[in-house]
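Biologist: Please take a close look at the inside of this model for me, starting with one empty space and working outwards through whatever packs around it. I'm at the bench most days, so spell out your cut-offs.

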Amino acid sequence: MKKIIAILLLVLSIFSIGLTTVANELPTSLVIHYFRYDDTYTNFNMWVWEHEPTARGGIQHNFDPLVKDSKGVHYTIDLSTDYPTATTLGIIIKQGGWDGYREIGGDRFIDLNLVEVVNGVGHAYFVEQDIRIGLSEADLANNIPDYREKILTVAFDTSQRISAKLTHVPLSYEVFENGVSILTSTTAPTTKNLLITVPGINISKTYTLKVNFAEGRTSEQIVSLQNLYDTPAFENLYTYEGNLGVSFEAEFTIFRLWAPLSSDVTLNLYNQGHPNFNDQGQPSNELTPYRVEDLYKIENGAWEVKLTGNLDFKYYTFSVTNNGITHEVTDPYAYSTGANGQRGMIVNFDETNPTGWTYNDRPNTITNLTDYIVYELHVRDLTTHSSWNGNENYRGKFMGLTQGGTTFTGSGVTVTTGLDHIDELGVNAVQLLPIFDFGYVDEVQVANNPNYTNLFNWGYMPYHFNTLEGSFATNPFDGRVRINEFKQVVQAFHDRDIRVIMDVVYNHTGESQTSNFHKIVPGYYHRMTPEGGFSNGSGTGNETASERSMMRNFMLDSLEFWATEYNLSGFRFDLMALHDYETMNLIQEMLEDIDPTIIVYGEPWNGGSTPLPNSQAAGKENIKNMNLVGAFNDYTRDAIKGSVFQATERGWVQGNATNYNYQGLMYGIVGGIEFPGITEMNEWHLNPNQTINYVTAHDNNTLYDKLRLTGISIANTKALQIQSNAIILTSQGVPFLHAGVEMMRSKPLPTGGYDHNSYESPDSVNQLRWDRKAQYVDVFEYYKALIEIRLTYNHFRINNAAEILSRLEFINANSGNQAIAYRIDGKAGEPEIIVLHSGNPAGGLATVNLTPGKNYKMLTYVNETNLAGIEIVSGTLYAPSNVSIILVEVMDDSITINESIVTIDKGEAFNPASNVTINNSSASVYYSNYHDVNRPGRYTVTVAVRESYGEVKHYYYTLYVGGNMFNVTLDNTKIGG
């Protein structure tokens, strides 16, 4: 009976959201009414966008405080002009900018088909702190939304007093503890704001405030604990350290959910992951669960049920009752889902692994974190352009990342595309933009509607943090498919010695009021405002509270899962300054225990104001307090090519060689450490392992577009495109490249100009164009050479500040701030390296006096690279404008080949090392062994020498094995005629 009542409550709660009259026509204008009980509307506005049939950018409409009636302020939107194709509008009602007050509900939606229309005009009604939207006179008659007297908010304050904000002054109030009255007002209150002291509060119990207004109107709410979430009392009582989500033990499948304030939790089991489609994507309705089971309270706010029987790959949800309202929610810990994340999947990972999958396996390419060369990529971008030439069914999918052997031919030039391109480029890590389940892309439409256009999104609106995004799978309906296919991606990269890094977005959730986190424990996982709204430090509607133990535990559990189940090698944190640095240190420590070469870094800023104190934030001020957690270096980014916030502002490569920009280059070159001569900025990385050097990323304009916007001609752009990342790839720290920068990637808008924020722009804007690689193959080859140079010489990968201080020295380039040069000393037996970046020196040439008595191989010049040396230089080095030159000291050979030809008899023992004299004991020497002393003939012996600093050289000599090469036996009886 309990289960039936729970389902009825769910149906009733859904029904109560709104009663509407179906319109016969769509309105041509829509009047938005917004009512506040304090009658204050200064600076209130709404952000409105077309949500369906195509998600589009929004428009801000400002309320006029003087244009109002009994339903509050109102504003008429001309739909035919502003939203001519919309059938559903998205709306956010807020005050001021993105970090100001917001009405509850986050992104809310108005289905124009349900709006009552009279003479082409429809109305939508909003009331302060009411999630329901009225769309008709019938709705208003049923108090949707509710304009009557009520409790707006009620919560304990940090002193455990009940603080309530009411719409009107009440006649009286009453407080209940677990349903029993424990306190009644003795006099009539005189204010709309109540502060009630209740002796002996026990936060393990439920407290309810009932308020009586005039004319018999009452309002009742459970007293929120949200202001006590950060207190030791709550943390001690409700911190659960066990496994949450689905786990397996003996013959049991165990389901656990942390819901400390809930009065009831049930488990719903389903056969398919979507209410209307089966695992093959065929229409099939399963609107109710085939089995419902109660969960039971265990310790510290957790609930549990253990079931027997094989439930592998069934789907599940929880029904959670808070404040008398039941919501059906997905499990925050769900490891996979059906299409659009409506139901979690019970995953047996042993049956999802592709052939050859090995756990805890990563390419053996990283010793220090500074060995990483990171390439940032969106899954769709690699394969959606027609020039990719791979499997049509794999375009924009995980499987597209696995396909090798693709090429494009244009203008007589054939180039590799896709996976082979990344392999050829030489980077050792790919950072994928969000690949977890995110919003704003309809996976059902992606799979079933060939005309669906809303295919692309960067993915920064997370729905399920432990689930892969279904639109990247060849079948989003079966939660197994995405797991198997992404593991194939990891295998494909690992087979080419390329590690995989995941872009993670734990700082906010894709939904606010309607997120599964908030429905399960209202207000706990997010930072809230004093008014009960969502703090918006992310700029996307809400921010999570990493400093709270169960949000912190969730992040730790989630990251451990991704690192161990998918063999990921690193994590890039979006808006990392919204997390507290203690949590980031715990994350780094946990991941280091799994594999010390796992890299952790993030954006050391946020997207708006936040209540998290700067003293706790994982931002620039606290990088020094974080153990090997890296951060993006925006100083050097903007110094190289100009501010990302001023499209036309030039940087150093375009000739804007201010002292600040010059020192911004210095800061990146030394890996963000404290270094003599850097006075224009406060050092905040202090460790090269924590300094992520870059020029561009997915945010803002591409490098090519930025250069063009600053007035650089197409003819000159190539040189600056190369030099910008030549600075990055010859700097200490961890270099980071935006995919396509090596082939002049551009994001042109159809209307002209360039797209600086292509988060939901179509593939035509975002995709990598392989015809562009053919056009600019010389730029690609230059980037490829720069990467190989960095990997060859450990001079550019020093992993501690003390060694950088002792080995790196800036030297005079005789051009003021218009050229920058530096020397990196080699260790014993290693070469000295000199790097010169010439900007726009007066007279057109920068000059550097080289170390007397030394000769240098020139590895790079204007449009030429050669790791063996373009030429040998000494004395003085000259460099024209916008050229970066790398010189490597010519060293004596570490070995000597004694004889160019060695001859032995057949069967004679031979050691290839016997013909080699080793001059440098720090070098590692390897010999070929494919010769056969029992088979006469001529053999080439190869001797490979790996220098201590990383360079590999090859030497050769000839081995002759004497004797007859053929054994011939003559039959004398057959001689003659």
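Modeller: Let's begin with the largest cavity: strand β18 gives the biggest share of its lining, three residues. Before going further, this is a predicted model, so local features need pLDDT of at least 70 and side-chain atom pairs count only at pLDDT 80 or more, while totals for chains, interfaces and linings use all residues. Residues are numbered from 1 along each chain as its sequence is written, and side-chain values use heavy atoms, with hydrogens and water left out.

Now some terms. Helices (H or I, at least four residues) and strands (E, at least two) are DSSP runs, numbered from the N terminus. Cavities and pockets are found on a 1 Å grid over the protein atoms alone: a cavity is a set of points where a 1.4 Å probe fits but cannot get out, a pocket is an open set with protein on both sides within 12 Å along at least five of seven lines, and lining residues have an atom within 4 Å of a point. Grid points are joined across faces, edges and corners, and a volume is the space filled by probe spheres set on the points.

Back to the space itself. Of five cavities of 30 Å³ or more in the structure, the largest has a volume of about 60 Å³. Both β18 (252–258) and α8 supply at least two residues of its lining. The full lining is L244, G245, R256, L257, W258, D331, P332, Y333, F517, I520 and Y525. By class that makes eight nonpolar, one polar and two charged residues, where Ala, Val, Leu, Ile, Met, Phe, Trp, Tyr, Cys and Pro count as nonpolar, Asp, Glu, Lys and Arg as charged, and the others, Gly among them, as polar.

The second largest cavity holds about 50 Å³ of space. It is lined by 13 residues, and those closest to its centre are H378, D381, H698, H738 and R745. Its lining splits into five nonpolar, four polar and four charged residues.

Next, the loop that follows α8 (516–520) and leads to α9: T529 is found there. T529 counts as buried because its relative accessibility is 17%; buried means under 20% relative accessible area, exposed over 50%, and partly exposed in between (1.4 Å probe, protein chains only). Neighbours within four places in sequence aside, T529 is in contact with Q226, F534 and S535, contact being heavy atoms within 4.5 Å.

That loop brings us to helix α9. Its 17 residues (549–565) should span 24 Å at 1.5 Å a residue, and its end C-alpha atoms are indeed 24 Å apart; the expected span is 1.5 Å times one less than the number of residues. Fourteen of the 17 residues of α9 are buried, so the helix is mostly covered. S549, which sits in α9, is buried, with a relative accessible area of 11%. Not counting residues up to four places away in sequence, S549 touches E235, T239 and Y524. Just after α9, N567 takes a positive phi of about 60°.

Packing is the next topic. The largest nonpolar core has 183 residues, and F255, F486, F571 and F573 have the most contacts inside it. Helix α9 gives the most to this core, with nine residues. A second, separate core of 31 residues includes I93, V115, V127 and L140. A nonpolar core here is a set of buried Ala, Val, Leu, Ile, Met, Phe, Trp, Tyr and Cys residues joined through side-chain atoms within 4.5 Å.

Last, an open space. The second largest pocket has a volume of about 1,400 Å³. It is lined by 45 residues, and S538, G539, T540, N757 and Y759 are the closest to its centre. Both β2 (44–52) and α11 (634–641) supply at least two lining residues, with the largest share, three residues, coming from α11. The pocket lining divides into 18 nonpolar, 16 polar and eleven charged residues. Helix α11 is largely enclosed by the rest of the structure, because eight of its eight residues are buried. The cover over those residues includes β35 (629–632), α12 (659–669), β36 (691–693), α13 (703–709) and α14 (714–729).
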